[in-house]
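Grab a coffee and work through these exercises with the structure open beside you. Try each task before you read its solution.

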Amino acid sequence: MSDCIFCRLAAKEVPADILYEDEECMAFRDIFPKAKVHYLIIPKVHLANLDALEPQHSALLGRLMLLVPKIAKSLGLSDGYRTLINTGPGSGQEVYHLHIHLLSNKGGGKLPGF
C-alpha cells in the first residue's frame, strides 16, 4: 500500500533503524519512543490491524509472536518487557499497519500506561 509508512519502510523507500528483517517480518526502532527501549515488529504484508486477520494469516501471526522473545533477548531485556498491539481508533492506533510494540525501561522505572 503506497500511502502506508510501514509498507514504504518495508520496501526500503524510507529509512529506519532496522534491528531484524527476514522475508516476512521486520523489527525497527520506534521514532517516537515511549520507553528507553521501544521497537516495532511488523509483517511486511499490509494488514491494517488484528481485525484484518483471516485464518490464512495464522502462521504469519505466529512468526511475529515468536519474534518478540528473540528480539527481546537480542536487546538484553532479561528483566522483562511489555508488548502491545493497538487495534482501531479507540485503542490509539495511529498507523494502520499491524504492529507489535516491544517496550522496556531496561533496568529501571515503570513503563507508561497505555
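**Exercise 1: the pocket**

The largest pocket has a volume of about 520 Å³. Before you start: this is a predicted model, where local features need pLDDT of at least 70 and side-chain atom pairs count only at pLDDT 80 or more, while totals for chains, interfaces and linings use all residues. Residues are numbered from 1 along each chain as its sequence is written, and side-chain values use heavy atoms, with hydrogens and water left out.

Task: work out which residues are closest to the centre of the largest pocket, and which elements give two or more residues to its lining.

Step 1. Sort out the terms. A pocket is an open set of points on a 1 Å grid over the protein atoms alone, where a 1.4 Å probe fits, with protein on both sides within 12 Å along at least five of seven lines; lining residues have an atom within 4 Å of a point. The points are joined across faces, edges and corners, and the volume is the space filled by probe spheres set on them.

Step 2. Look to the centre. The lining has 23 residues, and Asp30, Phe32, Leu40, Glu94 and Val95 are the closest to the centre.

Step 3. Go by element (DSSP runs numbered from the N terminus: helices are H or I with at least four residues, strands E with at least two). Helix H1 (5–10), strand E2 (25–29) and strand E3 (37–43) each give two or more residues, and H1 gives the most, with 3.

**Exercise 2: the sheet**

Task: find the order of the 5 strands in the open sheet, and say which are the edge strands.

Step 1. Two strands pair if DSSP finds at least two bridges between them. Following the pairs gives E1-E2-E3-E5-E4, with antiparallel pairing.

Step 2. Strand E1 (18–21) and strand E4 (82–84) each pair on one side only, which makes them the edges. From one strand to the next, the twist averages 20°.

Step 3. Check both sides of strand E5 (residues 100–104). E4 is joined to E5 by 3 bridges; Thr83 stands opposite Leu102, and Arg82 has Leu103 as its bridge partner. E3 is joined to E5 by 5 bridges, with Val37 partnered by Ser104.

Step 4. Add the helix. H2 (residues 58–74) lies across E1, E2, E3, E4 and E5, at about 155° to E3. Axes here are lines fitted to C-alpha atoms, for helices over the stretch in contact (heavy atoms within 4.5 Å), and angles run from 0 to 180 degrees between N-to-C directions.

**Exercise 3: E5, buried or exposed?**

Task: decide how covered E5 is, and which way its residues point.

Step 1. Buried means under 20% relative accessible area, exposed over 50%, and partly exposed in between (1.4 Å probe, protein chains only). In E5, 5 of 5 residues are buried.

Step 2. In a regular strand the side chains alternate between the two faces of the sheet. Ile100, Leu102 and Ser104 point one way from E5, while His101 and Leu103 point the other way.

**Exercise 4: a phi to check**

Task: what is the phi of Lys12, and where does Lys12 lie?

Step 1. Most residues other than glycine have a negative phi. Lys12, not a glycine, has a positive one of about 65°.

Step 2. Lys12 lies in the loop between H1 and E1, and counts as partly exposed because its relative accessibility is 48%.
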